[in-house]
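Q: Could we go through this structure together, feature by feature, with the general idea before each case?

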Amino acid sequence: MRVGAADALLVVDVQGDFLPGGALAVPDGDAVVAPIRALAARFATLVLTQDWHPPGHASFASAHPGRAPFETVRLAYGEQVLWPDHCVQGRAGASLAPGLDLPGAALVLRKGLNPGVDSYSAFVEADGTRTGLAGYLRERGVGRVVLCGLATDYCVAWSALDARAAGFEAVVVADATRAIDRDGSLAAAWARMEAAGIGRSLSADVTGA
Ligand code: VGL
Ligand code: ZN
């Protein structure tokens, strides 16, 4: 695939808590750092996201007495998976991965700030509130969003689906993502993305390496 001026790279949630040893470690999560650095050099528009929750966030199992991580609860906006406390605003685990605090990123978009609402997607919170990212990209003349980062089956997939829903082309760079993959969540996410017309690529194909 040829990268041009109308392409943006969206680097999703490559933060300490999603890396090995982190509070919500994605298996092999640190393997995305090198391919993303290579990808980033090719894009004029580079956006990073940070999962950025206040303490006691509604997605934390610790906020629901008697509940354990990876159980689900029903919240006002629908079903919510409960996670270990992760990416708490200003704490070390919320910081961008070493090597991925990319100086060429014009925008670092933080999401999941509403104490009662999760936001896997960089475009739309779980209750339907829009983050403004679609408007930002559109004003920059972006037509296609290329996605990478963590985790494939949650924040990457939801962001890709909402990019499509907002009218952008979307491509996920498979080897620049890693998944949580619980209960078939990765296969389900790829199936939903494929059905939505989201492309799947590899970093060598994007960088021409
Ligand atoms: C994520 C679960 C909870 C992600 C964020 O970045 O994929 N997953 N919060
Ligand atoms: Zn989160």
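Q: How does the shell around ligand 1 divide into nonpolar, polar and charged residues?

A: Let me first say what we are reading: this is a predicted model, in which local features need pLDDT of at least 70 and side-chain atom pairs count only at pLDDT 80 or more, while totals for chains, interfaces and linings use all residues. Residues are numbered from 1 along each chain as its sequence is written, and chains are lettered from A and ligands numbered from 1 in the order in which they are written. A residue belongs to the shell if its C-beta atom, placed from the backbone, lies within 6 Å of the molecule; Ala, Val, Leu, Ile, Met, Phe, Trp, Tyr, Cys and Pro count as nonpolar, Asp, Glu, Lys and Arg as charged, and the others, Gly among them, as polar. Here the shell around ligand 1 holds seven nonpolar residues, no polar ones and two charged ones. Its members are Asp13, Phe18, Asp51, Trp83, Tyr120, Leu150, Ala151, Tyr154 and Cys155.

Q: Which peptide bond is cis, with omega near -15°?

A: Most residues other than glycine have a negative phi, and most peptide bonds are trans. In this model the bond from leucine 150 to alanine 151 is cis, and both of these residues are in the shell around ligand 1. Alanine 151 sits in the loop between strand 6 (144–150) and helix 3 (152–165), where helices (H or I, at least four residues) and strands (E, at least two) are DSSP runs, numbered from the N terminus.

Q: Where is phenylalanine 70 found, and is it buried or exposed?

A: Burial is judged by counting: a residue is buried if 20 or more other C-beta atoms lie within 10 Å of its own, exposed if 12 or fewer, and partly exposed in between, with C-beta atoms placed from the backbone. Phenylalanine 70 is in the loop between strand 2 (45–51) and strand 3, and its phi is near 80°, a positive value in a residue other than glycine. Because 13 other C-beta atoms lie within 10 Å, phenylalanine 70 is partly exposed. Aspartate 183, in the loop between strand 7 (169–178) and helix 4 (185–195), likewise has a positive phi, of about 50°, but it has 9 other C-beta atoms within 10 Å and is therefore exposed.

Q: How do strand 3 and strand 4 run, and how many bridges join them?

A: Two strands pair if DSSP finds at least two bridges between them. Strand 3 (residues 72–75) and strand 4 (residues 78–81) run antiparallel and are joined by four bridges, one of which pairs threonine 72 with valine 81. Two residues lie between the strands, which form a hairpin.

Q: Which residues is leucine 24 in contact with, leaving aside neighbours within four places in sequence?

A: Contact is a distance test, met when the C-beta atoms of two residues, placed from the backbone, lie within 7 Å. Leucine 24, in the loop between strand 1 (7–12) and helix 1 (33–40), is in contact with Asp17, Phe18, Trp83, Pro84 and His86. Of these, Phe18 and Trp83 are also among the residues around ligand 1. Leucine 24 counts as buried because it has 22 C-beta neighbours inside 10 Å.

Q: How many helices and strands are there in the protein chain?

A: The protein chain has five helices and eight strands, in the order β-α-β-β-β-β-α-β-α-β-α-β-α along the sequence. Buried residues make up 43% of its 209 residues.
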